[in-house]
Amino acid sequence: MLRTTRCGKCRTVWEYMNPDRGSIVGAPFIKCRNCLTMHKTTMNTYKNLNLFGKIWFWFGTILQDGLYFFGGLFIIVGVLFYNAPIGILIFAPIMYFPIKNIITLNQQIEALQDLVDKNGGFLWSDEQY
Ligand SMILES: [Zn+2]
């Protein structure tokens, strides 16, 4: 998910990619590329979450993706009774994203961790992962 926000200090617009996994996994700090101000976020990298945070993260992710998946499935089955090709064409992509998210979740977590480690604990405001 592409997120747009503004620096709290210099009002520069930031655009960065955010997997938006329940929003608790992310860069703990974002540093503005323009004015170099460090901003604390409400997120943390997966490695630094406590056990409760990790459980909550997986629970939220599976619940969210499960809802999309079964929602898509439910609609496909419904449409199948009327027009199968249209149902599959329209709703199969909806089911594809939650599956892809779950499969690539570890890669997303590691990519974020690598980038945060490389910078020394933060992400630049224009970095994407
Ligand atoms: Zn700034």
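This passage walks through a small sheet, the loop beside it, and a few individual residues in a predicted model.

The sheet comes first. Three strands make it up, lined up in the order S4-S3-S5, and the sheet is open, with mixed pairing. S4, covering 38-40, and S5, covering 123-124, sit at the edges; each has a single partner strand, so one side of each goes without a neighbour in the sheet. In general, strands of a sheet pair through backbone hydrogen bonds, and the pairing can be parallel or antiparallel. Here, S3 (residues 29-31) and S4 run antiparallel and are joined by three bridges. One residue pair to look for is Ile 30 and His 39: the latter, in S4, is the bridge partner of the former.

Next up is the loop between S3 and S4, which is where Arg 33 lies. Arg 33 counts as partly exposed, because 13 other C-beta atoms lie within 10 Å, while the cut-off for exposed is 12 or fewer. Which residues does Arg 33 touch, once neighbours within four places in sequence are left aside? The contacts are Trp 124, Ser 125 and Asp 126. With Trp 124, the chain separation is 91 residues, yet the C-alpha atoms are 6.0 Å apart in space. Trp 124 also falls within the span of strand S5, 123-124, so this contact links the S3-S4 loop to an edge strand of the sheet.

The loop between S3 and S4 holds another residue worth a look, Leu 36. Its phi is positive, near 65 degrees, even though Leu 36 is not a glycine. That stands out a little, because most residues other than glycine have a negative phi. Leu 36 is exposed, with 11 other C-beta atoms within 10 Å.

Arg 11 shows a positive phi too, at about 65 degrees, and again the residue is not a glycine. Arg 11 belongs to a loop as well, this one between strand S1 (2-6) and strand S2 (13-17). Is Arg 11 buried or exposed? Arg 11 is exposed, since just 10 other C-beta atoms come within 10 Å.

Finally, there is a residue from a helix: Leu 67 is part of H1, which takes in residues 51-80. Leu 67 is exposed, given that 11 other C-beta atoms lie within 10 Å. Along the chain, Leu 67 and Met 95 are 28 residues apart, and 9.7 Å separates their C-alpha atoms.

How values were computed:
Residues numbered from 1 in each chain as written. Predicted model: local features only at pLDDT ≥ 70, side-chain atom pairs only at ≥ 80, totals over all residues. Pairing = 2+ DSSP bridges. Helix = DSSP H or I, 4+ residues; strand = E, 2+ residues; numbered from the N terminus. Buried ≥ 20, exposed ≤ 12 C-beta atoms within 10 Å, placed from the backbone. Contact = placed C-beta atoms within 7 Å.
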